[in-house]
Amino acid sequence: MSFRNNECLDLDGIEKQWKEGTCSLGPETSWSKIHCICKAKELSTITGSPRTAGNSETGLRFLASKVFSFPNHKDMKGSILIDDVHYPIAELTLFIIFILYTLMAIWVLTKDKVGREDEIIDLPDNDPFDKIKYLITIYTGSRPRSGTRASVFIELIGQNGASDVHQLKHPHFPCTLHRGSIDTFLLTTKINLGDITSLHIWHDNCSFGPSWYLSRIKVQNLETEQSWLFWCRKWLSLHISDCQIERTFAVTNPKTPISKIDCFLITVSNDVRGNHLWLTVFTYNRIHGSLSRFQRLSCCLAILLSSLMFNSLIFASEKDQFIFSKLSYLRSIRTGIAGALISIPVQLILTTLFKHSEKRPSPHSPAQSQQKKRPSPVTESLCTEDNIGDAPLAEVTSQPFPPFNANVNNNYHIETVIHRKKTENPQLNRCSELTAWSLVFCIPGVSAFFIIVHGLSFGYITSLEWLLASMASFCVHMFLFETLKIVVISAWSAGSAKYCRDISWPSYQAIQFKSRSQTASEMKFQHHELTVLRASEQYQPLKKEVVRKLRRIQRIKHLSYAYVRNMFCHLFFFALILTVAHPAEITSLYYSNQYMTEKLSVDLSKVITIEDVYTWVKNVFLPLIHNDDEPTYLSGTWYKILGLPRMRQIRSKSSPTKCSFPYGLTNTLSMNDIHCRKKYGIDPEDQADYLGSWSIPAKRAIPIDSPGFLGFIYEHPAYGWKYDSDGKFNSYSARGYSFYFFPGEPQDNSTTRLETLERNKWLDDKTWALIIELTTFNPDTDLYCCISVIFEFSYIGPIVSKVSVKSCHLPILTDQSTSEIFFLLATVYMLITYISDECWMIYKDRLKYIKSATNLINLGMKTFCIIYIICLVYKFHLAVELVHFYLLNPYQFIPFHAASQFDEAVRIVMAFLLFLLVLKMFRYFRFLYGVRLAQKSLHEALPKMINLSFAGGIFFFGFMSLGYLAFGQHEVTFRTLLDSFTTVLSYCALAFRDTEFSSDKLLGGLFLGCFQFVMICVFVNLSEAIIISAHVDMKEAVYELPSNEAEVINYLVQKIYRFCFFLTTGRKTSKETTFLNRILYGKTEKHNKRQTNRQCM
C-alpha cells in the first residue's frame, strides 16, 4: 500500500522563495501526474504585456510540486492491486481461430478434390473432330497492370501446318490471364503439326484494362509428350513499349541464356504463388508444390498457435514486472517477434515431414511402363546436349524438348535420383505422414492448453499486450519470414540458373481427359458454327486502320489520365508547399519590421558626429530598452527582449597611415596637416584587448563577466554562429569590441556606463562602424525580431546610419502540431516521388531531356525543392540550438541574427520554388488556343528578338553610363551604377519619375529626348511589331498543328457531355459537342486533316 501528500508551489521571478497557496491541486491529479491550477498574470491595459505580481525582472514564472510519500509497510500487491476481473481475451481469440480453421478446412478439402485435369481449361472452340491435343501453359507477368480482360487469340504454327485460331476464354473460368497467373489450355488440331516453330498471338483491345504483359509460354503435345518453350517478355498494349497488340514468337532454344534479373523475378513470382506457406492456402496450384491446401492450412494453425503459446509463456514469466505498467506497444512487438522466431523450428519440422510423406506413383504404374518403351527424355536431352549447342535454330527446333516436372532445373536428373532413393521405402513415407499429422494435432492442442492456463491469470492490460504480440507474430511470419525466405532462395536460384530450361516449366503426364458426349449431328452442327465463327472478323487480327484508330484513342485516354493525375498532383504539391512555407506570415513580418523601424528611426537622421551617436543612444535607445513598469520589455510594446542588447564597434589598428598625394601637392602640403582614414577590408583590423583605454593594452585575456570588460575587449563570434551586418558601405561580420546593456537594471546605470565610455573616447577616428544589436520576441505572433542599428564612419566626414530589422519565425520540430508534421511529411513524400519520377525520365530520355522547356522547369523545381527541404531541416536545427543556448545563458547576447539571416535565404529559395511552381501551371493551360498561339509566336520571334536585344542592350548601357557620369554627383537617381541601371530600366517601362534634373536641365532634356527616340520609338515599338507579325503568321499554323492538350480536354468534355446526355434522356449518344472548339482550336470546326497517325508515347 502507498500513501502520499501532494502540494503545488509557485515561484514568481528569480532568487525568490517558493510560495504555497497561490496554486491548488486540479481534478486530473493521479498517481502518475500532478495537476496544478494557478491564476494567470494580469495584462497591462496600456501595452497588453503581462504584468507580474511582484518586481520580477525576467517576467518568468516557475511551477513545482511537493510530494510526501510514505514507505510500504506491507506488500499488498498480490491481494489488492491484482486485477480480479478476468477478461477472456485469450479464450475468445482461440475460439475465433478454431472456428476460422474449421470453415477454411471445409473449403480447402473441397479444393483439394479438384484434379489436375479440372485445372486445365478445355477451350470451347475446339473442333469436335480434332483429335490431336496440345496443352498451352501461358505465364502472365507480375508487373503492375500486366493482366488483361481482353479476348486473346492464339494460333500454333508447325512444320506440318498451322492450327485453327482459338480464343483463350472459357465461361466457367472468368479469371484467366490475370496478373501473375499460370493458365493451362487444352487446344486440339486436325493433324499433328510436327515440330512447333512459332505461334501467333493477339487480343482485340476490348474491355477495361486490355494491356497484357506476356512472360512466357510452353506448348506440350500430349500424344508425343514433346514440349516447346517460348520466351516472350513482351507487352501486348497500344500505349506501352512499342504499342503492339499482335505478335509472333519463335520457339526458344532450351539452352538460350537468360538474364539474372529475369530469372530472379520469375523465381520470386513462382515461389510467392507456390511456396509461400500462408498465401498458397488460397492460391495453391498442383503444379506449384507437393503439399495440399489442407496440409498447408494445418501447418499454419500449428505455427500460429505455437507462437501464441510462446508469447503467453513470455508474458507469464514477466508478469510481475508489468503489473503497474500501461499498455506498451513496443514491448508487445518485441515479444511477438521473439515468439515468431521461436516457432520457426515448428514450421521446418512440419513442412519437411509432409514433403517426405508425398505419395509417388508405383513403379508398375501404366505411365511408367509406357515410359520404359522409349528412351528417357531426360537422358536423351543430356546425351545430345553438346550437339544441340552448335546446331542452328532450325535444327534445334526439330529436337523434342523433354517433359519437365514442376520446378525442374539444371540439376533435375541428380535431384530425381536422390529423391527416388529417399522415397523408395513406402513405410518411411507412411511413418513421416503419420508423424506429421500427429504433430499437427498435438501442437495446437498443447498450445491451446497453455494459452488458456496462462490467459486465466492475465489482466486486461496484459491480455491486450498478448493479443498485440500475437498479431505481431502472425504478421512477422506471413510478411517477413516467408518473404525473406523466398527472396533468399530465389536469389540463390537466379545465381545458378543460366538457361531458359533452368527455370520452372510444369509438365502434365499421364492425364486422362473425358471426351465430350455429343451425337454426330451435334458434332456437325458445332463444327459448322466454329467454321463460320473463325471466318468472321472476331477471329481475325485487327486491321491496320482499326489498330491505328484504337492506338490514337488509347493514347488520348492515357494522356487524359496522365493530364488529370499530374495536374491534381501538382496542385496538391503546390498547396503543401504553401502550407509548409506559411505565406500568411509575410504580412505579420512586414508590419513587425515597419513598427520596429519607426521606433528606432527617431532622430536618427540628426546623427552626424560621434557626440550625436552618444546623444541618440541616451535619448532614444536607452529609454526604449529600459521599462520601469515591465522590465525586459520594450517600452510601450509587448516585445520581450531576449538576452542582452549589445553595442559593438569595429576599428582599425593604431598604426601610422601613409597618404598618397597628387603630383605637385607633395611639396606644398605638410604631412602633419593631412589626416587619412584607413579603409575597411584593406587595412588590418584591431583585435587586441585593452584595459579601459585604447592606450593601455591588456597583457592577458579578460573574461566577459569581469569588471574590466567595459567595451575594450575584443569578442569573436559566439559558438560559430556567424552572420553579417549589412551597412550602406560595407558588410560587417559578427565580431568587435562589445558593450552590453542590461534592460533589467535602472536606466541610470546604463547612462553612467555610457558616459564612462564617452569620457574614455571609446569612439574615435579609428572606428569604422558601430553596431547596436538586440533581439525581441512577440508571443502573440510567435515572431523573433532581430534589430541592428549601424553607424558607419564615412570617409567624407558625416556618420551614415541605417536601421536593419529582420523578423522571422523559428519553428521547433517538437513544438509542431500534428497537422504541421503531417504536411511536412507529405511534402517530403511527394518530393521523393517527384525526384524518382524525374530521375527515371532523365535515364529514359538521356540527352533529349534537356531539349524540352517543361523538363528544365521540372528539374529546376525539384532542385529548389530539395534545397528548400534541406534548408528547412537546418532551420529546425538552428532554432533548437539558439533557444537551448538562450535557456542556458539568459544574461548573454543571443545571436538570433544568424537565424534571421538564414531565414531570409530560405525565403529567397522559397520564392524561386513558388515561381517555378506557378510557371509550370502554364503547361496545364496549353489546351487553350490563345496560349498555344502566344507560345508559338514567341518561339518564332525569339531569334529576331535576340538579335534586336543585343543592339538595344548596347544603347541601354550607353544611356546608363551617360546618366551615371553626367548626373551622378547631383541626382539621387543616378548616384551609383545600380541606381542608374534601375532608373534607365524604369524609363524603358515608361515610368518617368524624378526627371527634374535641377543640376543641368538642358542636358537632362537632351538625355530624355534621345532616350525616348532611340529606346522607345525604335527598339520597343520594333519589338512589338516583331511579336505582332509572328502572332499573325502563326494563327493558321497553330490551328493545323496537333495539340495533345487540346485533344485531351476535348476527350474529357465529350465524356462529360455524353454522361450528362445519358442522365437527362436515358439514351446513349455518339454525337460530339462543339461549343468549346473555338477555345481549343481557334475555330468552330476541328481541322479535317489533323494527324491521326502519331507515334505512341
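**View A. Buried residues of helix 8 in the predicted model.** In this predicted model, helix 8 buries Val346, Gln347, Leu350, Thr351, Leu353 and Phe354. These residues lie on the same side of helix 8, because the arc they cover around the axis is only 160°. Among the elements that cover them are helix 6 (293–317), helix 14 (426–455) and helix 15 (460–496). Helix 8 itself comprises 13 residues, 344–356. From its first C-alpha to its last, helix 8 reaches 19 Å, close to the 18 Å expected at 1.5 Å a residue.

**View B. An open sheet of five strands.** The strands of this sheet follow the order 8-13-9-15-16, and their pairing is mixed. Strand 8 (121–122) and strand 16 (227–236) form the edges, each pairing on one side only. Helix 4 (residues 260–274) packs on the sheet, where it touches strand 13, strand 15 (212–221) and strand 16. The direction of helix 4 makes about 100° with that of strand 16.

**View C. Pairing of strand 8 with strand 13.** Strand 8 and strand 13 (residues 182–189) run parallel and are joined by two bridges. Ile121 has Phe185 of strand 13 as its bridge partner.

**View D. Helix 27 and the residue just after it.** Helix 27 spans residues 1044–1065, with 22 residues in total. The distance from its first C-alpha to its last is 31 Å, close to the 32 Å expected at 1.5 Å a residue. Buried in helix 27 are Glu1045, Ala1046, Glu1047, Val1048, Ile1049, Asn1050, Val1053 and Gln1054. Gly1066, just after helix 27, adopts a positive phi of about 80°.

Note on methods:
Residues are numbered from 1 along each chain as its sequence is written. This is a predicted model: local features need pLDDT of at least 70, side-chain atom pairs count only at pLDDT 80 or more; totals for chains, interfaces and linings use all residues. Side-chain values use heavy atoms; hydrogens and water are left out. Two strands pair if DSSP finds at least two bridges between them. Helices (H or I, at least four residues) and strands (E, at least two) are DSSP runs, numbered from the N terminus. Contact means heavy atoms within 4.5 Å. Axes are lines fitted to C-alpha atoms, for helices over the stretch in contact, and angles run from 0 to 180 degrees between N-to-C directions. The expected span of a helix is 1.5 Å times one less than its number of residues. Buried means under 20% relative accessible area, exposed over 50%, partly exposed in between (1.4 Å probe, protein chains only). The arc is that of the directions from the helix axis to the C-beta atoms.
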